[in-house]
Amino acid sequence: MKPKKLSLYKMIPNMITLTAMAAGMTSVKFAIVSKWEEAVIAIVIAAFMDAFDGAAARLLKSQSKLGAELDSLSDFICFGVAPAIVTFLWATHDAGRLGWIMTLIFAMAVALRLARFNVTKEEEPANDPLAKYFTGVPSPAGAGLAILPMIVSFQLDSKNPFEALALHYVQHPYSVGIWLVVLAAMMVSHIPTFSSKQIRVPQKMSVPALGVFGILVAGLINEPWPTLTLMGVAYLFMIPFSVQHHRDKKERLAQGVKDPD
């Protein structure tokens, strides 16, 4: 029997996933040598790669069990292990054993979040309108929020008395540790959060949408830290709206009202 051959383009999604994994591991390497900005950038790159591998797999019709497992393992490294170690080396190690415990809680929450996501994805009914929401904060967003104190610290001037005070609290080991525990709770919670599957752009708004994307890219290139801070804060403010949106949709479905979405 002739062995089955796989086209190279079918492997592109897995290549993207491996690139994300490499970026996540590289962030740890940068943190070990105290290159904090480079460590943050590597995690951000991993998050962007993670956003594209699934889309690439669907576009190329190359979804596979191997790709799904590889993506899950990569996510744990990039958004669980990497931010946990980076924040530990940056701040929480000064809290001693308690700092390490708080760091472990975050990493374990990411593992639990990914495991629940994988199980739910297999068990959820087809065409379920509520399946378009994430249950809890997704791991890439959780990783981004975990390094948000670092991103904020890059913008504070220690020579300015007011900014120096803010910097003290932003990078305090217990502040960072408590923040990691809060994020861990948000990731394993049942809080419904928006998914990219819900983004629908009307055709007539495609050009303005691309313009907004261009502004975002320009901001990330020229002013990365304020732009990333704004993105993190905006995501936090979106969570209450996603909870209310989910609640309203659930009530409409219970009443048999057709969903306008």
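Helix H4 provides the largest share of the nonpolar patch, with six residues. This patch lies on the surface of a model that is predicted, and its members are Leu98, Trp100, Ile101, Leu104, Ile105, Met108, Tyr174, Ile178 and Val182. Together these residues have about 790 Å² of accessible area. Two helices, H4 (96–123) and H8 (173–188), each contribute at least two residues to the patch.

Tryptophan 100 makes a good place to pause. This residue sits in helix H4 and is one of the members of the nonpolar patch. With a relative accessible area of 39%, tryptophan 100 counts as partly exposed, because that class covers values between the 20% limit for buried residues and the 50% limit for exposed ones.

It helps to step back from the patch to the chain as a whole. Its secondary structure amounts to 10 helices and two strands, and these follow one another along the sequence as α-α-α-α-β-α-α-α-α-β-α-α. Four helices thus precede the first strand in the pattern, four helices stand between the two strands, and two helices come after the second.

The chain has 261 residues, of which 35% are buried. As for the surface, the chain exposes about 15,600 Å², and 68% of this area is supplied by carbon and sulfur atoms. Contacts within the chain often span long stretches of sequence: of those between residues at least 6 apart, 79% join residues at least 24 apart.

Conventions
Residues numbered from 1 in each chain as written. Predicted model: local features only at pLDDT ≥ 70, side-chain atom pairs only at ≥ 80, totals over all residues. Heavy atoms only, no water. Buried < 20%, exposed > 50% of the residue type's maximum accessible area, 1.4 Å probe, protein only. Contact = heavy atoms within 4.5 Å. Areas by Shrake-Rupley, 256 points an atom, 1.4 Å probe, with all protein chains shown as cover. Patch = residues over 30% accessible without salt bridge, like charges linked within 9 Å, V, L, I, M, F, W, Y side chains within 5 Å. Salt bridge = Lys/Arg side-chain N within 4 Å of Asp/Glu carboxyl O.
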